[in-house]
Amino acid sequence: MVWFFGGSEDTSKDAESCELVAVKIDKTSANSRRIGGEIIVDAPLDDVWAILTDYDNLSTHIPNLVESRRIGTKGNLLGSEPGDGNHKCQLYQKGAQKIIGFDFRASVTMDMVEKVLVSGNTVNSALDPKTLPMFMPEKRIGFKCIDSMFFSEFDGEWQVQEGESSVTGEPQCTVSYIVDVRPKGPVPVAALEWRIREDVPTNLRAVKKSAQEVGLRGVMASRSALEMKRTSNDRVNDFVGRFKDPRTMEYTEAEEVWSEDETMAMYLQDDYM
């Protein structure tokens with residue numbers, strides 16, 4: 001089944017916030033659904049990819065996300081960074097939505113795996129990244145739920161494919177999102193389906209907006225500023241640590257070893273001789 005969803009009915013919003021997005025919903029079992037959608041973004045692949053891999057700041061780009069942070073980066077090559085096409089991490093996210101008039105907050109921890117594909121084949125972007133733009137690569141982020149109180153399954157993929165606008169000839173990307181969702185416990189999948197099918201186009205439009213307005217340059221500037229702030233805080237903490245209140249410092253009694261003939265009288269006698 002395919003649904004078309006627009007944006008808010010608030011006419012003060014810009015046209016992009018009301019852009020219709022086709023959302024496809026498949027019933028994969030009695031209590032699970034596959035939900036997906038896609039959108040065209042007038043921006044280069046690097047700008048879109050920078051937003052999707054800004055893992056620790058995704059809540060600033062995507063509505064309904066109140067928290068997003070990496071909690072593990074095991075299995076990476078030395079020096080791997082978010083967005084390099086080979087990065088892996090565990091990502092904790094918390095979302096907030098209203099379902100049937102009630103505030104609903106759901107959290108999920110996922111394994112995230114980045115991939116770069118050329119002509120449908122996965123490649124290691126670290127081998128020769130300069131050649132990749134020649135082949136119009138496709139980039140993907142696979143995600144798989146590993147812990148959640150609300151979902152027994154929340155697995156899917158982001159896909160970004162670069163091309164050119166038939167009108168302007170400028171770089172243009174197709175951004176796709178698909179998720180297989182199955183609730184945990186007595187929560188009916190119909191309630192989550194209704195919420196997610198509206199969140200998918202909202203989030204796709206948000207990625208589009210951030211890619212076109214923030215992009216790679218904005219993400220890198222934000223990371224640089226955050227790193228400078230962390231470095232400054234570390235220096236301040238180190239400086240303050242050198243001047244701790246003596247009343248809070250711990251002291252260890254020094255152990256002295258004296259020989260049998262080593263007395264204060266002996267030292268006084270040596271001084272006056």
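Thr109 touches Ile71, Leu91, Tyr92, Lys144, Cys145, Ile146 and Asp147, leaving aside residues up to four places away in sequence. Thr109 is found in strand S6, and it counts as buried because its relative accessibility is 8%, with the limit set at under 20%. The model is predicted. The protein has four helices and ten strands, and a search of the whole structure finds twelve salt bridges and one cavity of 30 Å³ or more.

**Surroundings of Thr109 and Ile146**

- Ile146, one of the residues that Thr109 touches, is found in strand S8.
- Ile146 has a relative accessible area of 40% and is therefore partly exposed, whereas Thr109, at 8%, is buried.
- Not counting residues up to four places away in sequence, Ile146 touches Gln90, Thr109, Met110 and Asp111.
- Gln90 and Ile146 are 56 residues apart along the chain, and their C-alpha atoms are separated by 8.9 Å.

**Overall fold**

- Along the sequence, the order of elements is β-β-β-α-β-β-β-β-β-β-β-α-α-α.
- The protein has 273 residues, of which 36% count as buried.
- Of the contacts between residues at least 6 apart in sequence, 59% join residues at least 24 apart.

**Salt bridge Arg33–Glu193**

- Arg33 and Glu193 form a salt bridge through their side chains, with an N to O distance of 2.8 Å.
- Arg33 belongs to strand S3 (residues 32–41) and Glu193 to helix H2 (residues 189–213), so this salt bridge ties together parts that are 160 residues apart in sequence.
- Both partners, Arg33 and Glu193, are buried.

**Salt bridge Asp54–Arg223**

- Asp54 and Arg223 form another salt bridge, in which the closest N and O atoms are 3.7 Å apart.
- This pair links distant parts of the chain, 169 residues apart: Asp54 sits in the loop between helix H1 (45–52) and strand S4 (65–72), and Arg223 sits in helix H3 (residues 215–241).
- Asp54 counts as buried because its relative accessibility is 4%.
- Arg223 has a relative accessibility of 25% and so counts as partly exposed.

**Salt bridge Arg70–Asp56**

- A salt bridge also joins the side chains of Arg70 and Asp56, at 3.0 Å from N to O.
- Arg70 is in strand S4 and Asp56 is in the loop between H1 and S4, so the parts tied together by this pair are 14 residues apart in sequence.
- Arg70 is partly exposed, its relative accessible area being 29%.
- Asp56 is likewise partly exposed, at 31% relative accessibility.

**Salt-bridge network**

- Arg33, Glu193 and Arg197 are joined into one network by salt bridges that share partners.

**Helix H2**

- Helix H2 has 25 residues and, at 1.5 Å a residue, should span 36 Å; the C-alpha atoms at its ends are 35 Å apart, which agrees.
- Of the 25 residues of H2, 18 are buried, and the helix is mostly covered.
- Gly215, just after H2, takes a positive phi of about 65°.
- H2 contains Glu193, and it also supplies at least two residues of the lining of the largest cavity.

**Cavity**

- The largest cavity has a volume of about 570 Å³.
- Its lining consists of 31 residues, and those nearest the centre of the cavity are Leu65, Gln93, Phe154, Tyr177 and Asn203.
- At least two lining residues come from each of strand S5 (88–99), strand S6 (102–118), strand S8 (138–147), strand S9 (151–164) and H2.
- S6, the strand in which Thr109 is found, and S8, the strand in which Ile146 is found, are both among the elements that supply the lining.
- By residue class, the lining of the largest cavity divides into 22 nonpolar, six polar and three charged residues.

How values were computed:
Residues numbered from 1 in each chain as written. Predicted model: local features only at pLDDT ≥ 70, side-chain atom pairs only at ≥ 80, totals over all residues. Heavy atoms only, no water. Salt bridge = Lys/Arg side-chain N within 4 Å of Asp/Glu carboxyl O. Buried < 20%, exposed > 50% of the residue type's maximum accessible area, 1.4 Å probe, protein only. Expected span 1.5 Å × (residues − 1). 1 Å grid on protein atoms, 1.4 Å probe; cavity = no way out; pocket = protein on both sides within 12 Å on 5 of 7 lines; lining within 4 Å. Points joined across faces, edges and corners; volume = space filled by probe spheres on them. Nonpolar A, V, L, I, M, F, W, Y, C, P; charged D, E, K, R; others polar. Contact = heavy atoms within 4.5 Å.
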